[in-house]
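Reader: I should like a close look at a single part of this model, with attention to how its side chains are placed and paired. Please treat the matter in one connected account.

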Amino acid sequence: MTARPRPPTVVPEPEPLGPSELLPGLVVDAPHRAPGRRFWRRLLRHRLAVISAVVLVLLAAACFAAPALAPYGPSQQNLRLGAVGPSVHHWFGTDELGRDELSRVLYAGQISLEIGVAVAALSTLVGTVVGAVAGFVGKTTDEALMRITDLFLVLPALAVLALVLERFGHDQLTIILVLAALFWMYVGRVVRAQVLAIKEQEYVEAARASGASGRRIVWRHVLPNCVGPIVVNATLAVAAAIVAESALSFLGFGVQLPATSWGRMLADAEGYVGTSQAYLMYFPGMAILVTVLAVNFLGDGLRDAFDPRAP
């Protein structure tokens, strides 16, 4: 009896190695994951940025809903009460005129946040346009715009702000315009550097070779790839504008009465340092501190989320 021959053993071919196995340090996203999903995944992974965003939303909502949330009007006085510390009826206490500090902080936050956001938006717009034109056009235009930028950078900001506000008034619109005129340079330099690097890329050369106009190339190919740095600098400009407005108001050149801001409240409470009414400085100061920290942490999270090299 002869033995039946055994079938040949089939050895499966090894699967080809993917990019992650060939280069262990390379992180490859799933092919179905869109850039928007990657952005949100990176941002949500940054816990401080998420917490800061929640804090900013709650703070802004409380300030702009002050007519419904504030227990008293911002100018409602009680001269018989005077200045008393925090209590059940006045959580942040009252000032020397008997005005509720919680209500004043909420209403003052409206002006401080409006100035911060408006200055950031306007300065970002101007800086983006100047930086994009300088970087894309180059040559004489680039040189002229960068010399103008350098001129604005060397100006003593607080001195210029004080002089301009004394000449044209201390209303909110003037403060926004003057601050924006002194903040656009930083965004402009960042955008110019990004445009100089992007305009040499192959897809930009291909668009130029296909006959696309310079304006179309800038709007369709260059600026969309600068969104990350622009957004990050815009968030940081909000914090810088709030601090600058607070410094101006503290020196007496910012928002004038009867309007008030967090900086103006600090200026009004300056004489109470070291007294029992020192609490008048704590709450507007804490509002500025929390807002600036939250904006900076959010900016850090956005920078990491927009970074294409991040996992």
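Reader: How many salt bridges does a search of the whole structure find? Please then examine helix α6 (residues 139-154) closely.

Author: The model is a predicted one, and a search of the whole of it finds ten salt bridges. Side chains of opposite charge can pair when their charged atoms come close.

Helix α6 covers residues 139-154, 16 residues in number. From its first C-alpha to its last, α6 reaches 23 Å, which is close to the 22 Å expected at 1.5 Å a residue. Three of its residues, D142, M146 and T149, are buried. Viewed down the axis of α6, the buried residues fall within an arc of 55°, and they therefore line one face of the helix. An α-helix has 3.6 residues a turn, so residues three or four places apart point the same way. The cover over the buried residues of α6 includes α5 (101-137) and α9 (184-198). On the other side of α6, T140, L151 and V154 are exposed.

One of the buried residues, D142, also takes part in a salt bridge: its side chain meets that of R192, with an N to O distance of 2.7 Å. Because R192 lies in helix α9 and D142 in helix α6, this pair ties together parts that are 50 residues apart in sequence. The relative accessibility of D142 is 10%, and the residue thus counts as buried. Its partner R192 is partly exposed, with a relative accessible area of 23%; the cut-off for a buried residue is under 20%.

A further salt bridge joins the side chains of R147 and E143, at 2.5 Å from N to O. Both of these residues belong to helix α6, where they stand four residues apart, about one turn of the helix. R147 is partly exposed at 41% relative accessibility, and E143 is likewise partly exposed, with a relative accessible area of 47%.

Outside α6, R99 forms a salt bridge with D95, and the closest N and O atoms of this pair are 2.7 Å apart. R99 is buried, with a relative accessible area of 14%, and D95 also counts as buried, at 2% relative accessibility. R99 and D95 belong to a network of salt bridges that also links E101, R104, R264 and D268.

In summary, α6 has a buried face, a salt bridge between its D142 and R192, and another between its own residues R147 and E143.

Key
Residues numbered from 1 in each chain as written. Predicted model: local features only at pLDDT ≥ 70, side-chain atom pairs only at ≥ 80, totals over all residues. Heavy atoms only, no water. Helix = DSSP H or I, 4+ residues; strand = E, 2+ residues; numbered from the N terminus. Expected span 1.5 Å × (residues − 1). Buried < 20%, exposed > 50% of the residue type's maximum accessible area, 1.4 Å probe, protein only. Arc of directions from axis to C-beta. Contact = heavy atoms within 4.5 Å. Salt bridge = Lys/Arg side-chain N within 4 Å of Asp/Glu carboxyl O.
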